[in-house]
Amino acid sequence: MINIDNDLKEYGKNHKVPISLDDTLDFLIKTINDSNSKYILEIGTAIGYSSIAMAENTDCIRIDSVEIDQSRYRLAKDNVAKHNLLNRISLYNGDALEYIKNTNKTYDFIYLDGPKGQYINYLPHLMKILKINGIIFADNLYFHGMVTGSIPVSKGCRAMIKGLHRYIDEINSNPNLDTKIYDIGDGIGISKRIK
Ligand SMILES: C[S@@+](CC[C@H](N)C(=O)[O-])C[C@H]1O[C@@H](n2cnc3c(N)ncnc32)[C@H](O)[C@@H]1O
């Protein structure tokens, strides 16, 4: 059983802030612990719920997390401070693409939980900042069944779903990655950089 902040979970529900599902979070924590990952990048902080859960349930040294929405970023900052985790979690307010293009840091583990249609565009940049044997953990690969075809793709989601299909094809065929897709939560892709 992992330690989570139930007040934040409740806040997310009541204010329609999308946060990680319970089984996704369990699997995320297990994957970080099994891989002994120490330096983590999260794309999509929202209010800090998953960053805090990662910090409190793993031995990671540092989490960098990027959020484009300023009010969510501010809330996340307060929440991280309340948990006394400002020394381990660094929050960045801005576009994830700019962050990953410009950072000179490298990571053991990347939790990809930002704009789903952009995963495919992020991938080449993520490959440069992911260490060998590092892991990309990508959430929502099924996107509520629209990717798997169990529900029709709504008009406004077409570009995003197309982007997710391209991401899935790429992680399955890229010779530098070893990928497995799990039927957990909303579909999770774990891709290990093998070279
Ligand atoms: C699913 S939520 C993240 C949930 C969080 N990981 C958790 O479980 O607590 C996705 C977040 O990505 C943010 N986002 C969307 N586009 C972004 C971008 N281009 N760069 C950074 N963050 C972005 C959204 O504002 C949203 O808060």
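## Ligand site and a few loop residues

At 64% relative accessibility, Asn 84 counts as exposed, because the cut-off for that label is over 50%. Asn 84 belongs to the loop that runs between α4 (70–82) and β3 (89–93). The backbone there is worth a look too: Asn 84 is not a glycine, yet its phi is positive, at about 55 degrees. Keep in mind that all of this comes from a predicted model.

His 144 tells a similar backbone story. Its phi is near 55 degrees, again a positive value in a residue other than glycine. You'll find His 144 in the loop between β5 (130–138) and α7 (158–173).

Now for the ligand. Where does the ligand sit? It sits in the largest pocket. Two elements give two or more residues each to the shell around the ligand, namely α3 (49–57) and β2 (62–67). In total, 20 residues surround the ligand, and the closest are Ser 20, Gly 44, Glu 67, Arg 72 and Asp 113. Sorted by class, that shell comes out as 9 nonpolar, 6 polar and 5 charged residues.

Which protein atoms are paired with ligand nitrogens? Here are three such pairs, with their distances.

| Residue | Protein atom | Ligand atom | Distance |
|---|---|---|---|
| Gly 44 | polar backbone atom | nitrogen | 2.8 Å |
| Asp 95 | polar side-chain atom | nitrogen | 2.9 Å |
| Asp 113 | polar side-chain atom | nitrogen | 2.8 Å |

So how much of the ligand does the protein bury? Taken alone, the ligand exposes 610 Å², and the protein buries 88% of that. As for the pairs in the table, Gly 44 uses a backbone atom, whereas Asp 95 uses a side-chain atom, and so does Asp 113. Gly 44 and Asp 113 also turn up among the closest residues to the ligand.

One more loop deserves a stop, since its flanking elements have already come up. Thr 58 is found in the loop between α3 and β2, and those elements are the ones that give two or more residues to the ligand's shell. Is Thr 58 buried or exposed? Thr 58 has a relative accessible area of 8%, so it counts as buried, the limit being under 20%. Its side chain has a polar partner: a polar atom of the Thr 58 side chain lies 3.2 Å from the backbone nitrogen of Cys 60. Set side by side, the two loop residues contrast neatly: Thr 58 is buried, while Asn 84 is exposed.

Technical notes:
Residues numbered from 1 in each chain as written. Predicted model: local features only at pLDDT ≥ 70, side-chain atom pairs only at ≥ 80, totals over all residues. Heavy atoms only, no water. Near = heavy atom within 4 Å. Polar contact = N/O pair within 3.5 Å; in protein donor to acceptor, adjacent residues only side chain to side chain. Areas by Shrake-Rupley, 256 points an atom, 1.4 Å probe, with all protein chains shown as cover. 1 Å grid on protein atoms, 1.4 Å probe; cavity = no way out; pocket = protein on both sides within 12 Å on 5 of 7 lines; lining within 4 Å. Sits in = over half its atoms within 2 Å of the grid points. Helix = DSSP H or I, 4+ residues; strand = E, 2+ residues; numbered from the N terminus. Nonpolar A, V, L, I, M, F, W, Y, C, P; charged D, E, K, R; others polar. Buried < 20%, exposed > 50% of the residue type's maximum accessible area, 1.4 Å probe, protein only.
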